[in-house]
Amino acid sequence: MFDQLNFTGTQINYYFTCHRELWFFSRYLAMEHNSDLVLQGKVLHEDSYKRKNKEFMIDSKIVIDFIEKDGIINEIKKSDKMEQAHIFQMLYYLYYLKGKGLEKLKGVINYPLLRNKINVELTSDKEKELNEVLKNIRKIVEQDNPPKLEKMKHCRSCSYYELCWV
């Protein structure tokens, strides 16, 4: 049903935040349009780096916030609370583009509110880790039922909260 390059950046991110959210999103139950946090992220994206060309969608799978002249892929994030999710999302973007023939690209995750940046590079070790993540994502999204409910810190602010807890 899914191949290694058939995931979206959002699915990669959700794998690290909540497997249940990943499962719902993978079945086109998108709740993000109801989220104030998603709206805040969009406003931050629009207000940050105003002079950069913004949002490149590739194959309806990945959306890159902006690309620098030297080819560095950039993502803008509001907070570093889900840093591992952000790093693997960027690794997936680099992996996806490598699959399209664009090799040796680098990525940067920008946290403008924190005035911080993280450099990301797709090494062979990171690619192995990412392939394990992709296998695990496939297992989750191919399940007939959503993963069990698991209460987490960020549940209250999740756009899927009502679907899970009400």
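**Salt bridges in a predicted model**

Modeller: In this predicted model, Lys77 and Glu75 are joined by a salt bridge, with their closest N and O atoms 3.5 Å apart.

Colleague: Are Lys77 and Glu75 buried or exposed?

Modeller: The term applied to a residue depends on its relative accessible area, and a value under 20% is required for a residue to be called buried. Lys77 and Glu75, the partners in a salt bridge, both fall in that class: they are buried.

Colleague: How many salt bridges does a search of the whole structure find?

Modeller: Side chains of opposite charge can pair when their charged atoms come close. The pair Lys77 and Glu75 is one example, and Glu132 with Lys135 is another. For the whole structure, the search finds five.

Colleague: In which helix do Glu129 and Lys126 lie?

Modeller: The side chains of Glu129 and Lys126 meet in a salt bridge, at 3.8 Å from N to O. These two residues are three residues apart, about one turn of the helix. The helix that holds both spans residues 124-141 and is α5.

Colleague: Why does Glu129 count as partly exposed?

Modeller: Partly exposed residues lie between the buried class, under 20%, and the exposed class, over 50%. Its partner Lys126 is partly exposed at 30%. Glu129 also counts as partly exposed because its relative accessibility is 36%.

Colleague: What is the relative accessible area of Lys135?

Modeller: Lys135 forms a salt bridge with Glu132, at 3.4 Å from N to O, and both lie in helix α5, three residues apart. Glu132 is partly exposed, at 42% relative accessibility. Lys135 is partly exposed as well, with a relative accessible area of 42%.

Technical notes:
Residues are numbered from 1 along each chain as its sequence is written. This is a predicted model: local features need pLDDT of at least 70, side-chain atom pairs count only at pLDDT 80 or more; totals for chains, interfaces and linings use all residues. Side-chain values use heavy atoms; hydrogens and water are left out. A salt bridge is a side-chain nitrogen of Lys or Arg within 4 Å of a carboxyl oxygen of Asp or Glu. Buried means under 20% relative accessible area, exposed over 50%, partly exposed in between (1.4 Å probe, protein chains only). Helices (H or I, at least four residues) and strands (E, at least two) are DSSP runs, numbered from the N terminus.
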